[in-house]
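Got your viewer open and a hand on the selection tool? Let's take a walk through this one, stop by stop.

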Amino acid sequence: MTALLENSLDRAPLGVAVRIARIDWTAMSDDEGRRLREFGLMEGCEITPLHRGSIFSRDPLAVTIGRMKVIIRSNQAAAIEIETISA
Amino acid sequence: MTAAIPSIALVGNPNAGKSSLFNALTGARQKIANYPGVTVERKAGHASFADGRPISLIDLPGTYSLTPASLDEAVTRDVILGKQAGETRPDALIIVLDAANLDNHLCFALELLALGLPTVVALNMLDLATRDGLTLDTERLSKELGVPVVPTVAVRKRGLTELLAAIDGAIESHQPRAAVAAPQNDASLHQRARAIARAATVDETPVRRWTQRVDNVVLHPVAGLIILVALMFVMFQAVFSWATPFADALEGAIGVVQTWVVGTFPDNFLRGLVVEGLLAGVGAVVVFLPQILILFLFILLLEASGYMTRAAFLMDGLMGKVGLSGRGFIPLLSSFACAVPGIMATRSIPDEKDRLTTILIAPLMTCSARMPVYTLIIGAFIPAQNVGGTPIGLQGLVLFGLFISGIVGALLVAFVLRRSVTKGNATGFMMEMPRYQWPRLNDIAIALWQRAWIFLRRAGTIIAATTVVLWLLLTFPQAPAGQSQVEYSAGGRIASALEVVVKPIGFNHDIALALIPAMAAREVAVSAMATANAIDAEGDEDAMAEALGDRIAGRWSIATALAFLAWFVFAPQCISTIAITKRETNGWKWPMFMVGYLFLLAYAAAGITYWTAVAFGLG
């Protein structure tokens, strides 16, 4: 396991657009990493986390990317480092 | 080009509207089968060019790239590359793109174009893109991609003629070109896709995001779950109340035919077989067609509207706790209609252990074949009244309780399995959330018709055969005067032997007799009782006229009836499910395990129910 990222998507507030600064690909399997890229989740792109879990758990997380909305789990979100978008 | 009928594959991302386009192009001229060796559904159909030349179309599972993450995505790759056994490589491709999601969908399109097959791009759901404030330049897109681009709105059958003409032209004029190298890594592929999307986008105005507003409620951590439970509740109430008039009409019709046969033909072996075996047995099952169709209707509507993925999102947290993922929710919800398509739908679960666990618990979802059993018993023993002064029917409530028992049982079993026999890594859950859409009447009608047909074919084959065998077993040897035919017959004696085993859990001779043929399919339990009932009542006009439900209500205790219901929450009585599990898990090990653990649970559940009910004085 890698150290927890400072500014991970996992802990990002909902409804605020952010930019992906870095993704720790080693924290997930090859298949998971590829599917993330197929969704377009890559370094430099802008995303907005929108919904998180239910009363059962904090999992999963729904984010919008472009005109798509995708669901990921928080262990993947924890491997995604984000930065704020300067206005 | 060639004399052979050209075969054209529809391919694209999930949620690009491929299936609607496929339905629009082929109408009802389609056939659903399986790819040999794998249980991925193969949807093929026919259409024709404007001048009448026939073409064959095949609808491939949606995927994001040619690198598959699951079994169904592997089929798409293998068919396109001509590596799928028993399938010729398609002569041409129709790449289906969601016009409102070009950046993402163009990635796969670029990968496909690099293959060098004759190709046309269908720019689908253009109306929705316009609604979202997008204006696209089709010609520019066509120039960038180097292939014809045809705007289509599959729902309104718009652009279909143009699409077929373009594909005809593409096949005719196709020059075998060297496969163009697609950008090698994901990042450059995405860059290229985004650049093309930007070039083709004339105007993009910010839009009123009503989808977002709906999601804020539907995906709310608390409100969302309440809506989900309410929806399921309405679904099960509807199954009961809406179906009744149709079921009554079917039952009446079967009764008319029975009376007609009895009145028209002399009393002989064949008449007995038809009236007591076929009509009573198969008829008892066919009357549940309306309920099954209503259940399927709800599931299809949830799927087509885009709500199903929201339900999966809401359930993922709970399913994650027992070691499954929200992806398993869709196969499990389909299993409420029938475990066979449900188990087949597990092929979209990437993790092997996760998938196996989902397969093993799928039979615990209350499938439509249990409906005949549940409705018969509930109708006979539970009064048709409302709970207190509410509009909630007691019968529907009991049915809801049975569904919930199955779900809770399944979650507990998954929890145990994931910590024992199917131990493995925590699984992921990655899925695209489709936009909300109005379900298309046409697509729903086609799917419903296919389900109805499968059900009726089952009733006409497996169920009819089992019923006839049972009738023979119950008719011979003939009982001497004064003795019950059903008890005296060969079938009756087998049932008496089984009765010893099931007596402790409150089961009587009627039930023991029904359990054996019900191994073929659960609903046969009802036909078996109907057949036994018809033989028992032979010659007795009053008994003949008495409905099966009324008869058992007079013969069973409530405790026995409840135990019987509890048994069917768990019992793995369905040959088709066992067979599909064997095929999906490549061997006998897991289906045997499944049958074993489910029978144990069924016995325990029925026992506990019976003893508890007896303790409360219901014996």
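Below is a short tour of a predicted model, with something to select at each stop.

**Stop 1: a strand with two partners**

Start in chain A and select strand 1, residues 18–23. On one side, look for strand 2, residues 46–54, which runs antiparallel to strand 1 of chain A and is joined to it by two bridges. To see one of these pairings, pick Arg19(A) and then its bridge partner in strand 2, Glu46(A).

Now add strand 5 of chain A, residues 80–84. Five bridges tie strand 5 of chain A to strand 1 of chain A, and the two again run antiparallel. Which residue of strand 5 stands opposite Arg22(A)? Click on Glu81(A) and you have found it.

**Stop 2: crossing over to chain B**

Keep chain A on screen and bring in chain B. The contact between them takes in 27 residues of chain A and 32 residues of chain B. On the chain A side, colour helix 1 (30–39), strand 2, strand 3 (57–65) and strand 4 (68–72), the elements that each give two or more residues. Helix 1 of chain A supplies the largest share, seven residues. If you colour this side of chain A by class, you should get 10 nonpolar, seven polar and 10 charged residues.

Next, zoom in on strand 4 of chain A together with strand 10 of chain B, residues 431–433. These two strands pair across the chains, antiparallel, over three bridges. Select Val70(A), and opposite it in strand 10 of chain B sits Glu432(B).

**Stop 3: two helices in chain B**

Hide chain A and select helix 5 (residues 138–145) and helix 7 (residues 186–200) of chain B. Their axes lie 8 Å apart and meet at an angle of about 150°. An angle over 145 degrees counts as roughly antiparallel, so that is how helix 5 of chain B runs relative to helix 7 of chain B. The crossing is right-handed.

Show side chains for Arg140(B), Leu141(B) and Glu144(B) from helix 5, and for Ile196(B), Ala199(B) and Ala200(B) from helix 7, where the two helices of chain B meet. Four of these contact residues are nonpolar, two are charged and none is polar.

**Stop 4: a glycine in a helix**

Finish at Gly607(B), in helix 27 of chain B, residues 589–615. Is Gly607(B) buried, exposed or partly exposed? Partly exposed, because 18 other C-beta atoms lie within 10 Å. Leaving aside residues up to four places away in sequence, Gly607(B) touches Pro504(B) and Ile505(B). Last, select Phe507(B): it is 100 residues from Gly607(B) in sequence, yet 9.4 Å away in space, C-alpha to C-alpha.

Key:
Residues numbered from 1 in each chain as written. Chains lettered and ligands numbered in written order. Predicted model: local features only at pLDDT ≥ 70, side-chain atom pairs only at ≥ 80, totals over all residues. Pairing = 2+ DSSP bridges. Helix = DSSP H or I, 4+ residues; strand = E, 2+ residues; numbered from the N terminus. Axes fitted to C-alpha atoms, helices over the stretch in contact; angles between N-to-C directions. Parallel < 35°, antiparallel > 145°, perpendicular 65-115°, else oblique. Left-handed = near helix turned anticlockwise from the far one by under 90°. Contact = placed C-beta atoms within 7 Å. Nonpolar A, V, L, I, M, F, W, Y, C, P; charged D, E, K, R; others polar. Buried ≥ 20, exposed ≤ 12 C-beta atoms within 10 Å, placed from the backbone.
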